[in-house]
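Reader: Could you take me through one part of this model up close? I'd like one connected walk-through rather than a list.

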Amino acid sequence: MPKKAKPAGTGKEEGPGPCKQLKVEVAGGPSTLNFDSPSGLFESLISPIKTETFFKEFWEQKPLLIQRDDPALATYYQSLFKLLDLKSLCSRGMYYGRDINVCRCVNGKKKVLNKDGKVHFLQLRKDFDQKRATIQFHQPQRFKDELWRIQEKLECYFGSLVGSNVYITPAGSQGLPPHYDDVEVFILQLEGEKHWRLYHPTVPLAREYSVEAEDRIGRPAHEFTLKPGDLLYFPRGTIHQADTPPGLAHSTHVTISTYQNK
């Protein structure tokens, strides 16, 4: 379980020092995260926000948006998972339901477009391009070592299981209706842009997943667009929906989640 933040002192805070980095060669270049320790990994993940500030002001309380104009970090995020990775992954034997879901939000409801059995990349790409379907890839850390390393450190840090899903959504489309989750959520934007709307919880720190009707949630409390290298955190129970803006490239993000049923 993460340590509680200590009360802030009355003196002037020092600026964050340079992060000691362990360079790991990946497809997009050297890692920009610190893998020396679980705490070092989390500190570098939410940089430049200090961990004391995060747990005092945001954890289980309110969303945190970190927008970065950092080409090196954007390149690193893009290396974690890409749309094109699906071609080689499908050749290894992926199955609908177990590994991949295909869906689209239609009139405020989730429409599942899964086929039966094994996933074939050409059919998957056809549904993506022609039906404007979102591809949800379950637990990508099984096949992507860098994501596995990130989640392994986070499990040690939080003292809780950490899971992940990748969502790939074509331009001008939305995969899921407004809903809230039963997990603490960290969003890493990997490719393209994603337009997000967050709403005040109807069930704070919810202990189960639920879809919410548009006419029940009111106006967004927060609205913004994530770009590669950006990070978003929000507590369980936060109602949210996201779409890829029209006229742009597809969006890819990974959702890293923890603290289920805490």
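Author: Right after helix 6, Gly159 has a positive phi of about 65°. Keep in mind that this is a predicted model. Helix 6 itself covers residues 145-158. Does its length add up? With 14 residues at 1.5 Å each, you'd expect helix 6 to span 20 Å, and the C-alpha atoms at its ends are indeed 20 Å apart, so the two agree.

Now for what helix 6 tucks away: Glu146, Leu147, Ile150, Gln151, Lys153, Leu154, Tyr157 and Phe158 are its buried residues. Around the axis they take up an arc of only 160°, so they sit on the same side of helix 6.

Which helix does helix 6 pack with at about 110°? That's helix 1 (residues 38-45), and the two axes are 8 Å apart. An angle between 65 and 115 degrees counts as roughly perpendicular, so that's how helix 1 and helix 6 lie to each other. Helix 1 brings Pro38, Ser39, Leu41, Phe42 and Leu45 to the contact, while helix 6 brings Ile150, Lys153, Leu154, Cys156, Tyr157 and Phe158. By type, the contact residues split into nine nonpolar, one polar and one charged.

For a companion case, look at helix 5 (residues 121-130), where Phe121, Leu124, Asp127 and Phe128 are buried. Those fall within an arc of 130° seen down the axis, so they line one face of helix 5. They pack against helix 4, strand 4, strand 6 and strand 7. Leu122 and Gln130, on the other side of helix 5, are exposed. Just past helix 5 there's a positive phi too, about 55° at Arg132.

Conventions: Residues numbered from 1 in each chain as written. Predicted model: local features only at pLDDT ≥ 70, side-chain atom pairs only at ≥ 80, totals over all residues. Heavy atoms only, no water. Axes fitted to C-alpha atoms, helices over the stretch in contact; angles between N-to-C directions. Helix = DSSP H or I, 4+ residues; strand = E, 2+ residues; numbered from the N terminus. Parallel < 35°, antiparallel > 145°, perpendicular 65-115°, else oblique. Contact = heavy atoms within 4.5 Å. Nonpolar A, V, L, I, M, F, W, Y, C, P; charged D, E, K, R; others polar. Buried < 20%, exposed > 50% of the residue type's maximum accessible area, 1.4 Å probe, protein only. Arc of directions from axis to C-beta. Expected span 1.5 Å × (residues − 1).
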